[in-house]
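Reader: I do computational chemistry, and I'd like a close look at one part of this model: the salt bridges. Please take your time and bring in whatever sits around them.

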Amino acid sequence: MKTLSLLFAVAVLAISLHPAEALGADAPYNLLCEGKANPMGIDVIQPRFSWWVNEGLQAGYEIRVTTEGDVVWESGKVDGDASIWVEYEGKPLNSRRRYEWQVRTWNEKGAASEWSEPAWFEMGLLEQDEWRADWIGHPERTTLRSVPPVYLRKDFELEGGVKRARLYISARGIFEASLNGERVGEDIFAPGWTDYAKRNQYMSYDVTAMLKDGENAMGIILADGWHNGNLMWQGMKNWYGTDTSILAQLEIQTEAGAQLFICTDGTWKVATGPILESDFYNGEKYDARAEMDGWNQPGFDAKDWLPPRLETTPTGKLVAKVVEPVRRQEILKPVSMHQAPDGEWIYDFGQNLVGWVKITMQGDIRTTATLRYSEMLQADGSLYVENMRSAEVTDRYTFKDEEPVEWEPKFTFHGFRYLGVSGLLGGKGPGTVEAVVLNTDAPMTGEFSCSNPLLNQLQSNIVWGQKGNYLEVPTDCPQRDERLGWTGDAQVFVRTATYNMNVSPFFEKWMTDMRDAQLDNGLVPVIIPRLEEDGSSPAWSDAITICPTVIYERYGNERILRENFEAMKAWTEYQRENSHDLIFPKQGVWAGFGDWLAVDAPEPGAAPTPKRLIGTAYFAHGAHLVAEAAEVLGLPEEAKRYRALSEEVKAAFLREFVNADGRLKKETQTGYLLALGFDLLPDQWREPAVDILVEDIESRGWHLSTGFVGTGLLMPVLSKAGRNDVAYRVLLQETYPGWLYSIRQGATTMWERWNSYSHEDGFGDAGMNSFNHYAYGAVGEWMYSVIAGIDALKPGFKQILIRPQPGGGLTWAKGMLESPYGVISTNWTLEDGIFELEAVIPPNTSALVELPNGERQNVGPGEFQFRVELE
């Protein structure tokens with residue numbers, strides 16, 4: 001290799017995705033509280049502040065927090081470069097109060113910035129006894145089957161002008177609230193999913209502008225959701241209780257100084273309405289003949305409505321919602337339309353997605369339109385629905401007249417690319433059809449593209465798989481009778497997830513769900529929120545050590561380690577207690593799912609990699625992660641203890657699963673990937689192990705054979721061993737099994753199986769054949785870190801590694817990550833042996849840049865260009 005020019009900085013510039021947000025030339029901006037912009041209704045008593053420095057390196061900061069003009073905290077000048085997750089240290093925060101905060105910084109030359117634009121956060125209800133409302137529900141419902149959602153309403157009068165109004169609302173079920181006929185907020189499926197016996201989330205809304213002097217009305221529709229709807233594949237309902245209920249507290253401060261409370265209680269009225277059934281699996285049924293015009297507006301005649309049933313107060317604590325709610329993300333139009341042989345109108349949206357459709361249609365009076373959903377089509381052009389198993393995934397609308405109507409469901413969602421419509425006037429198709437995309441409203445933070453269109457499609461498939469399955473919790477699939485928070489899928493994908501989206505609040509909430517589910521003996525169930533508690537599995541239950549570690553590493557969020565440390569220890573101690581000579585699990589204890597859906601497995605849970613090899617490898621790795629967490633948290637004795645345990649388990653692994661010559665007793669790709677990826681082998685055996693792994697890959701025509709456990713480790717292990725040549729060769733395989741194979745078969749999301757469908761053989765086993773299953777998308781981490789060359793050397797990307805590693809015939813690649821400190825980007829080209837790189841390093845960080853010729857340089861914030869000749 002020959003260097004044409006030395007590494008050099010072309011310019012050092014201020015970096016900003018949103019420069020208009022900055023006040024003056026150098027004020028901090030992008031202010032976040034608890035990882036969110038201006039959060040409403042939080043209950044964290046020591047909220048954390050983050051900001052982006054406008055340029056250069058920060059040498060100090062000062063935070064000022066006020067409420068209604070009164071200062072509650074002035075930090076004074078604090079020396080240091082901390083600009084993320086800085087904890088509030090002022091006076092105790094009060095319920096309901098809005099606080100404004102600003103920050104200014106000092107640079108390394110001692111110059112102070114201007115104060116930032118004010119940001120704010122508002123507290124929710126911090127004490128349980130601040131809730132005056134009663135839990136209420138329908139007095140006559142039975143939930144043995146899917147039943148109509150409950151409509152609830154309350155009239156009230158106001159006078160004296162509205163100065164401030166807040167609605168605090170929770171549900172056992174999911175709700176849509178309205179005031180004077182106008183929808184409150186944009187949240188879908190609120191308040192979300194928890195183990196309701198442990199925690200009930202509540203929402204906070206500023207509804208000041210929605211009220212008026214005189215008559216007002218509040219309306220709520222309450223549906224089954226996760227609380228009472230179908231969950232799991234046994235057709236079971238009511239996992240968390242016998243019926244739905246709502247808790248709402250509207251607090252109003254008038255201009256005249258009066259304080260009013262409109263709370264759910266026995267004075268409300270309840271009924272059922274046009275939504276006859278609403279279920280996540282089965283869809284929604286709507287009968288327009290039962291519509292009640294004006295039901296949620298003042299003056300509606302509710303004389304036939306019933307008084308509610310007063311419910312007992314749940315045992316679960318009321319807590320403010322941490323994770324962003326599910327919201328509408330975008331609208332997709334159909335790319336084509338045809339009629340199936342049976343006359344059903346089929347619409348193709350060109351993308352497998354999660355959400356529902358908004359449709360304009362006409363029908364004969366009292367007839368019913370049927371809307372069916374599928375991810376794939378049969379050879380004859382009809383919908384392929386066998387893989388939905390028992391889920392009906394069908395919406396039905398019954399017409400009250402022949403006038404055109406625009407309709408969309410409220411309390412269901414579907415995983416689909418194709419829509420089938422039948423039952424319309426004259427057998428015609430609908431007027432307009434749109435797909436409404438839904439997912440948890442976590443900000444998108446990453447972008448990747450390169451010169452290979454198939455890899456760009458792979459990145460798109462990974463992102464769409466993540467969006468569709470990050471719906472309140474990280475689910476395995478969004479379409480069939482499952483849609484559950486499988487821990488194994490989540491942990492193998494979490495690193496990729498952190499590149500594509502800001503998932504720190506998402507995992508903070510889900511890890512709380514996991515702690516709620518953990519048994520007293522430390523066992524971690526495989527589905528979170530908990531549905532069944534009698535089983536754990538290696539690689540699945542290990543999410544409790546892996547996910548907090550990754551969130552800390554990627555976001556610098558130390559609190560997630562602190563909150564989960566005892567749970568991490570408890571799981572590790574469970575592994576110790578249920579091992580034999582530190583081989584986990586011991587005989588007589590279920591050994592788990594193994595390398596799920598591995599290529600060589602005769603059936604899904606029967607992969608050739610020994611399950612106890614997997615369990616012991618994860619035991620050693622988990623103990624190591626606990627030791628690392630202890631170091632971060634300043635617990636040296638705990639760190640020493642678990643580091644020693646990790647070494648002891650490694651020794652047990654070698655005794656049980658490795659021959660004296662360093663070869664695994666049972667040789668599989670996944671076995672070697674675990675041994676190498678978790679550093680279980682002594683140095684002298686690592687290179688031979690890599691050679692054996694590569695030989696196996698070569699013997700398969702440069703294909704992988706891994707399942708859920710091994711796939712995420714494959715590319716990082718090969719790259720760490722200096723075998724990017726093999727990694728690229730495996731990645732770019734277009735034949736089975738491999739990432740690009742499904743793309744050649746038309747995939748627009750990640751699939752559950754490597755061969756869920758092929759043009760030659762058709763569909764795989766319908767019993768387990770999801771076309772939106774993100775686990776194999778774990779390769780996305782490698783695409784960002786190796787191809788684009790963006791990785792973290794210190795937590796939160798405080799120190800960045802810029803190390804693009806071209807290969808596979810790629811001539812260019814681009815990567816972008818909106819990190820906690822600012823935007824990191826790379827853009828490289830390779831033409832005629834000349835490698836050129838443009839890199840952006842955000843303020844208040846540094847980076848190590850390593851070029852493909854091995855040259856390295858440490859740089860600070862700015863924009864840089866590098867040019868070298870590669871032999």
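Author: Let's fix one word before anything else: a residue is called exposed when its relative accessible area is over 50%, buried when the value is under 20%, and partly exposed in between. Keep in mind too that this is a predicted model.

Lys303 makes a handy test of that scale. Its relative accessible area is 63%, and because that is over 50%, Lys303 goes down as exposed. Its salt-bridge partner is Asp301, and the closest N and O atoms of the two are 3.0 Å apart. Asp301 has a relative accessibility of 48%, so it falls in the partly exposed class. Salt bridges can also chain up through shared partners: Arg199, Lys321, Glu472, Lys509, Asp513 and Asp516 are joined into one network that way.

What's the overall tally? The count comes to 62 salt bridges, where a side-chain nitrogen of Lys or Arg has to lie within 4 Å of a carboxyl oxygen of Asp or Glu.

Now for a pair that reaches across the sequence. Arg98 and Glu122 meet through their side chains in a salt bridge, at 2.9 Å from N to O. Arg98 belongs to strand β9 (residues 98–107) and Glu122 to strand β10 (residues 119–123), and the pair links distant parts of the chain, 24 residues apart. How buried or exposed is each partner? Arg98 is partly exposed, with 29% relative accessible area. Glu122 has a relative accessibility of 1%, which puts this acid in the buried class because the limit is under 20%.

The next pair spans a longer stretch of sequence. Asp195 and Arg530 form a side-chain salt bridge with an N to O distance of 3.2 Å. Asp195 sits in the loop between β15 and β16, while Arg530 is in the loop between α4 and α5, so this contact ties together parts that are 335 residues apart in sequence. Asp195 is buried at a relative accessible area of 3%, whereas Arg530 comes out at 22% and counts as partly exposed.

Both of those loops have something else to look at. In the loop between β15 (182–183) and β16 you'll also find Phe189. Phi of Phe189 is near 60°, a positive value in a residue other than glycine. Phe189 is buried, with a relative accessible area of 3%. Over in the loop between α4 (504–517) and α5 (543–555) there is Pro529. The peptide bond leading into it from Ile528 is cis, with omega near -5°. Another cis bond runs from Phe584 to Pro585, with omega near -10°, and Pro585 is in the loop between α6 (558–577) and α7 (611–632).

Then there's the β5 neighbourhood. Glu68 is in the loop between β5 and β6 (70–74), and its phi is positive as well, near 50°. Glu68 is exposed, at 72% relative accessible area. Val65, in strand β5 (residues 58–67), has 0% relative accessibility and counts as buried. The C-alpha atom of Val65 is separated by 9.6 Å from that of Ala119, a residue 54 positions away along the chain.

What about acidic groups outside the salt bridges? Glu157, Glu159, Asp213 and Glu215 form a negative surface patch, and patches here are built from residues that have no salt bridge. Asp213 is placed in the loop between β16 (199–206) and β17 (214–223). At 46% relative accessibility, Asp213 is partly exposed.

Last, a quick check on covalent links between side chains. A disulfide is a covalent bond between the sulfur atoms of two cysteines. How many disulfides does the structure hold? The number is 0. Cys547 is in no disulfide, and the nearest cysteine sulfur, belonging to Cys477, is 18 Å away, against a cut-off of 2.5 Å for a disulfide. Cys547 is buried at 0% relative accessibility, and Cys450, at 1%, is buried as well.

Note on methods
Residues numbered from 1 in each chain as written. Predicted model: local features only at pLDDT ≥ 70, side-chain atom pairs only at ≥ 80, totals over all residues. Heavy atoms only, no water. Patch = residues over 30% accessible without salt bridge, like charges linked within 9 Å, V, L, I, M, F, W, Y side chains within 5 Å. Areas by Shrake-Rupley, 256 points an atom, 1.4 Å probe, with all protein chains shown as cover. Lys, Arg positive; Asp, Glu negative; His and termini not counted. Charge placed at Lys NZ, Arg CZ, Asp CG, Glu CD. Helix = DSSP H or I, 4+ residues; strand = E, 2+ residues; numbered from the N terminus. Buried < 20%, exposed > 50% of the residue type's maximum accessible area, 1.4 Å probe, protein only.
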